[in-house]
Amino acid sequence: MDLKGILPALVTPFDAKGDTDFRTLERLLEHHLAKGVHGFVPMGSTGEYYAMSDQERWDVLRCVKEVVGKRGILIAGTNAGSTRDVIRHTEAAKKLGYDAVLLPPPYYSLPTQQELLAHYNAVLDAVDVEIVLYNFPLRAGVEIGFDVLDALAGNPRVIGIKESSGNLLRAHEINKRYAADYQLSCGGDDQAFDFFLWGATSWICGPANCLVEPCVKFYDAFTSGDLRKAQAIAKALYPVMTNLESGKFVQKVKYGCELMGIPVGEPRRPLLPLSDPEKRELARAVAAAST
């Protein structure tokens, strides 16, 4: 799989009862495809997989696959708290037609680097899928270190890494060491221009749920060679990206969808809705980025 383009890390719409709103999900997918996205990553952290039952997760994956078909890249989030459960979710994704999965380290257990490598190898041995590694130590509690990347380099089914450590030096080092082994995907939403300068070819982007047009315009400008325009778009996006990254990310992305005209409901608890002042602040930032 070539990891290219804008790939929204999808929110999961919920209705007033807190159930999955598949009609709104279909609407969101069609809207984004019409705006030029290159694919989707459902059931990542922005999709609140951690707050959903197994069946709910699989139903979302099924819906996304049925709606999108072959019109875009599809990468399923299949993370869980144990290797056994990750394999189970990855098997389910494969049966639903997903050939690639996004995998951060299992949450809460804080595996050592040796244990993390064994985890990824177990998934590779159990299911014939391609893996995009996801380095997000703030969420996972551990980093996917260079020892793990060294060991997995050259495996044709470990195709890339979404780098969300916030450390641009890591993005540079990954590109320097592993340009032939891993496709680099931007995971720093407020650092996108720099990521693409350092060799990123895709942006797995939570904010693209509600900022799809400027994100696609940024990618199109960069890949066409108009770096000045790409930089200008990135500068316009920077205030809203920093607002999103400052906390309450899922709530803000979901409220951003409402501002875009596609309400996707509230997040599941323990996350609470934004306050009115937080909504006003975000609305100002989104409006400035969209002009």
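Here is a short walk through this structure, which is a predicted model.

Let's start with strand β6. This strand spans residues 130-135, and 5 of its 6 residues are buried. On one side of the pairing, β5 joins β6 in the parallel sense over 4 bridges. If you would like a spot to look at, find L103, whose bridge partner in β6 is L133. The path from β5 to β6 includes a helix: β5, α4 and β6 together make a right-handed β-α-β unit. β6 also pairs with strand β7 (residues 158-163), again in the parallel sense, here over 5 bridges. In that pairing, Y134 stands opposite K162 in β7.

Y134 leads us on to the largest pocket. About 820 Å³ of space lies in this pocket. Of the 40 residues that line it, Y134 is among the closest to the centre, together with S45, F136, L138 and R139. Which helix gives the most to the lining? That is α5, with 4 residues. Helix α5 (137-140) is joined by β9 (202-205), α10 (227-245) and α11, each of which supplies at least two lining residues. Sorted by class, the lining holds 19 nonpolar, 15 polar and 6 charged residues.

Next come a few places where the backbone deserves a second look. Most residues other than glycine have a negative phi, and most peptide bonds are trans. With that in mind, turn to E48, in the loop between β2 (39-40) and α2 (54-68). E48 is not a glycine, yet its phi is positive, at about 60°. Is E48 buried or exposed? Its relative accessible area is 0%, so E48 is buried. L110 also has a positive phi, near 55°, and you will find L110 in the loop between β5 (100-103) and α4 (113-126). That loop belongs to the stretch between two members of the β-α-β unit described above.

The peptide bond from R269 to P270 is another place to check: this bond is cis, with omega near 25°. P270 lies in the loop between α11 (249-260) and α12 (276-290), and α11 is one of the elements that supply residues to the pocket lining.

Our last stop is Q191, in the loop between β8 (183-186) and α8 (192-197). Although Q191 sits in a loop, its relative accessibility is 14%, and because the cut-off for buried is under 20%, Q191 counts as buried. Leaving aside residues up to four places away in sequence, Q191 touches G166 and L168.

How values were computed: Residues are numbered from 1 along each chain as its sequence is written. This is a predicted model: local features need pLDDT of at least 70, side-chain atom pairs count only at pLDDT 80 or more; totals for chains, interfaces and linings use all residues. Side-chain values use heavy atoms; hydrogens and water are left out. Buried means under 20% relative accessible area, exposed over 50%, partly exposed in between (1.4 Å probe, protein chains only). On a 1 Å grid over the protein atoms alone, a cavity is a set of points where a 1.4 Å probe fits but cannot get out, and a pocket is an open set with protein on both sides within 12 Å along at least five of seven lines; lining residues have an atom within 4 Å of a point. Grid points are joined across faces, edges and corners, and a volume is the space filled by probe spheres set on the points. Ala, Val, Leu, Ile, Met, Phe, Trp, Tyr, Cys and Pro count as nonpolar, Asp, Glu, Lys and Arg as charged, and the others, Gly among them, as polar. Contact means heavy atoms within 4.5 Å. Two strands pair if DSSP finds at least two bridges between them. A crossover is right-handed if, with the strands pointing away from the viewer, the path from the first strand over the helix to the second runs clockwise.
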